[in-house]
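Hi everyone, thanks for making time this morning. Let me put the structure up on the screen, and then I'll walk you through it piece by piece.

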Amino acid sequence: MVLFGLTACGPLAQNQPLVNAVQGLASAGADKWEQDRDPRETLTRERIDAAANDLLLFAPVDEEVASVFERVAANADRVTWVSDEGDSLTLRDGIVIATRGLGNDLMGADVAQVYPAIVSGSGRAQRVHDYLGGEDQIIRSIFQCEMATLRTEVIEIFQRQLRTRVVRETCTGNTGSFTNLYWIDAAGAIWQSRQWVSGRVGSVDIQKL
């Protein structure tokens, strides 16, 4: 599943692969989100702005599912989002640091070096990811990552246009490698991203509404 068909510019336009049907997301009002319609048919800027809490769209890249997550808690730069199904996602400055309910969850992550490198658009950073092993023991993976600015891009998220830079994060570690993408504005806000969570979950698309 890909989420960025909900944007409408450049490689995210409607005739691109990233547009393939985002199923299972819709709005039945400001506070209740149905699960049986395409959000592009029902979500509007008015409905999003009328919601009681901030919202984001979440879609595992390799699955035909997508969900609306609602902001439920914040602690400094850490924000927790929860879906109607009870799955949760914790972001630090827009970077995934924990998941619950996805299977092979990311139990926690140290990404203190990552966000400054994303903002700068270049440089290196270290990530530390913790996962739960078969005997309920924490398995730690350490990744060395490099940032590169790819381009500037204007994206549209439900009638809201945003001028962004696209930054690529390429990581290699003791358990493998992965690549993340971030769309970040001039103020340093990450509006949409494709981030790797774990070997089983793979990468997920995240878009702030």
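**Two loops, a disulfide and a pocket**

Let me start in the loop between β8 and β9, where you will find Q159. Before I go further, please keep in mind that this is a predicted model. The phi angle of Q159 is near 70°, a positive value in a residue other than glycine. Is Q159 buried or exposed? With a relative accessibility of 54%, Q159 counts as exposed, since the cut-off for exposed is over 50%.

There is another residue with a positive phi to show you. D93 has phi near 55°, and D93 is not a glycine either. You can find D93 in the loop between β4 and β5, the latter being residues 95-100. D93 has a relative accessible area of 29%, so it is partly exposed.

Now to the cysteines. How many disulfides does a search of the whole structure find? The search finds one. The partners are C145 and C171, and their sulfur atoms sit 2.1 Å apart. C145 belongs to strand β8 and C171 to strand β9, residues 161-173, so the disulfide ties together parts that are 26 residues apart in sequence. As a reminder, a disulfide is a covalent bond between the sulfur atoms of two cysteines. The torsion about the S-S bond of C145 and C171 is about 115°, so this disulfide is right-handed. As for burial, C145 has a relative accessible area of 2% and is buried, and C171, at 0%, counts as buried too.

Let's stay on strand β8, which covers residues 138-156 and also holds E153. E153 is a charged residue, yet at 8% relative accessibility it counts as buried. What does the side chain of E153 contact? One polar contact goes to the side chain of R151, at 2.7 Å. Another, at 3.2 Å, joins the side chains of E153 and W183.

A buried polar residue can be found in strand β11: this is Q192, with a relative accessible area of 1%. The side chain of Q192 makes a polar contact of 2.7 Å with the side chain of Q207.

Next, the nonpolar interior. The largest nonpolar core has 32 residues, and L56, L89, I95, I118, M147 and I206 have the most contacts inside it. Which helix gives the most to this core? That is helix α3, residues 114-120, with four residues. There is also a second, separate core of 14 residues, including L43, A51, I155 and W191.

On to the pocket. The largest pocket holds about 450 Å³ of space. Its lining is made of 25 residues, and those nearest the centre are D54, R71, W81, I190 and K208. Which elements supply at least two lining residues each? They are α2 (45-50), β3 (78-83), β4 (88-92), β11 (190-198) and β12 (202-208). By class, the lining has twelve nonpolar, four polar and nine charged residues.

One last stop, for anyone following along in the viewer. A73 is in strand β2, residues 67-75, and A73 counts as partly exposed at 39% relative accessibility. From A73 to T90 is 17 residues in sequence, and their C-alpha atoms are 9.3 Å apart in space.

That's my tour, so thank you for listening.

Key
Residues numbered from 1 in each chain as written. Predicted model: local features only at pLDDT ≥ 70, side-chain atom pairs only at ≥ 80, totals over all residues. Heavy atoms only, no water. Core = buried A, V, L, I, M, F, W, Y, C linked by side-chain atoms within 4.5 Å. Buried < 20%, exposed > 50% of the residue type's maximum accessible area, 1.4 Å probe, protein only. Polar contact = N/O pair within 3.5 Å; in protein donor to acceptor, adjacent residues only side chain to side chain. Disulfide = S-S within 2.5 Å. 1 Å grid on protein atoms, 1.4 Å probe; cavity = no way out; pocket = protein on both sides within 12 Å on 5 of 7 lines; lining within 4 Å. Points joined across faces, edges and corners; volume = space filled by probe spheres on them.
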